[in-house]
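This report covers charged side chains and one strand pairing in a single protein model. The structure comes first, followed by the notes.

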Amino acid sequence: MNTEEKLITYFKSLGLTVNTGTKARGHMGFFLEGRIDISKNLPKDKIIPTLLHEFSHYIHSKLEKGINKTGGNLKIIFNTDEDFEKELLQITSFIDKQYRCEILKTHKEKVKREIKKLDNKIKSEYPNFKRSKPFSEFNKAIKGTKIKYLLKYDKVRILPRLPFWKEEILSVDSVEKDFPNLKTAFVNYIKLKSLIRKQKRISNKISKNQRYFKRPTELFARFVVAFYVSEENVKNLAPKTYKRFTELLENGYYMELKHALEIAKENLLIV
């Protein structure tokens, strides 16, 4: 029996249901009411960390009720009023690249540069143009046309009002083709508005991700995974948290988590 199988067998002995053949609701794994699902699409090296991550939520749920809704409380997790959030965020950044949102931030910077280019192009024709103010020349030019829809949406479907009328599809991507007489500056303005919407969506996604990662139950679960992957790095990055965690682990505060970590670390080389 390998380490993964031993962990699953141990979890099941505690009354947990463990599924490894699902898509885990689109995540690597999830824990809910005595059930742990691990995605069948996980690479081999991610299975044990994900099992420990979800098991940490199980342990936390025994310490504190309603964590799925509240996100938990660090004071309960560490049984003290001492603040560990700063160190826990360092550990999260170390163990999970998604927290840093590097891909999203790179994408956001690219969009920002594209917005600036279009802004400059519009100003070459309309020097007084400002993104923060109405573009009166543009508004006058599109009055009475369907172009107005593209100021709010990247793509719109306009249904026919009468049976013999045709359905229309308008898109930012095809605005030049759909409106060949529209001035270049106005085409660029439509594309500019689209990019601004995209930038906002990316910013919202970054904020949403970081709020999720800052939930105490997620900070704790990622700390446990980091402790498994590289205890020495955890000790160096988060000495205060490491000391408190090991104290509580040894005195049984985290209940079955100690044995789960022992199983996971049996054949692991700690670096």
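## Charged side chains and a hairpin

Lys-110 is found in helix 7. The model is a predicted one. With a relative accessible area of 46%, Lys-110 is partly exposed. Together with Arg-113, Lys-117, Lys-121 and Lys-198, Lys-110 belongs to a patch of positive charge on the surface. The most is given to this patch by helix 7 (residues 102-125), which supplies four residues.

Salt bridges number 16 in the structure. Three of them are listed here.

| Pair | N to O distance |
|---|---|
| Asp-154 and Arg-197 | 2.5 Å |
| Lys-191 and Glu-176 | 3.2 Å |
| Arg-222 and Glu-218 | 2.4 Å |

The side chains of Asp-154 and Arg-197 meet in a salt bridge. Asp-154 sits in the loop between helix 8 (136-141) and strand 4 (155-158) and Arg-197 in helix 10 (residues 184-213), so this pair ties together parts 43 residues apart in sequence. Asp-154 is partly exposed at 28% relative accessible area, whereas Arg-197 is buried at 17%.

Lys-191 and Glu-176 also meet in a salt bridge. Because Lys-191 lies in helix 10 and Glu-176 in helix 9 (residues 175-178), the pair ties together parts that are 15 residues apart in sequence. Lys-191 is partly exposed at 27%, and Glu-176 is partly exposed at 42%.

Arg-222 and Glu-218 are four residues apart in helix 11 (residues 216-229), about one helical turn. Both are buried, and a network of salt bridges links them with Asp-96.

Strand 2 (residues 29-32) and strand 3 (residues 35-39) run antiparallel, joined by four bridges. Gly-29 stands opposite Ile-38. The two strands form a hairpin with two residues between them, and Glu-33 in the turn has a positive phi of about 45 degrees.

Technical notes. Residues are numbered from 1 along each chain as its sequence is written. This is a predicted model: local features need pLDDT of at least 70, side-chain atom pairs count only at pLDDT 80 or more; totals for chains, interfaces and linings use all residues. Side-chain values use heavy atoms; hydrogens and water are left out. Patches are made of residues with over 30% relative accessible area and no salt bridge: like charges are joined within 9 Å, nonpolar side chains (Val, Leu, Ile, Met, Phe, Trp, Tyr) within 5 Å. Accessible areas come from the Shrake-Rupley method with a 1.4 Å probe; for residues, only the protein chains shown count as cover. A salt bridge is a side-chain nitrogen of Lys or Arg within 4 Å of a carboxyl oxygen of Asp or Glu. Lys and Arg count as positive and Asp and Glu as negative; His and the chain ends are not counted. The place of a charge is taken as NZ of Lys, CZ of Arg, CG of Asp or CD of Glu. Buried means under 20% relative accessible area, exposed over 50%, partly exposed in between (1.4 Å probe, protein chains only). Two strands pair if DSSP finds at least two bridges between them.
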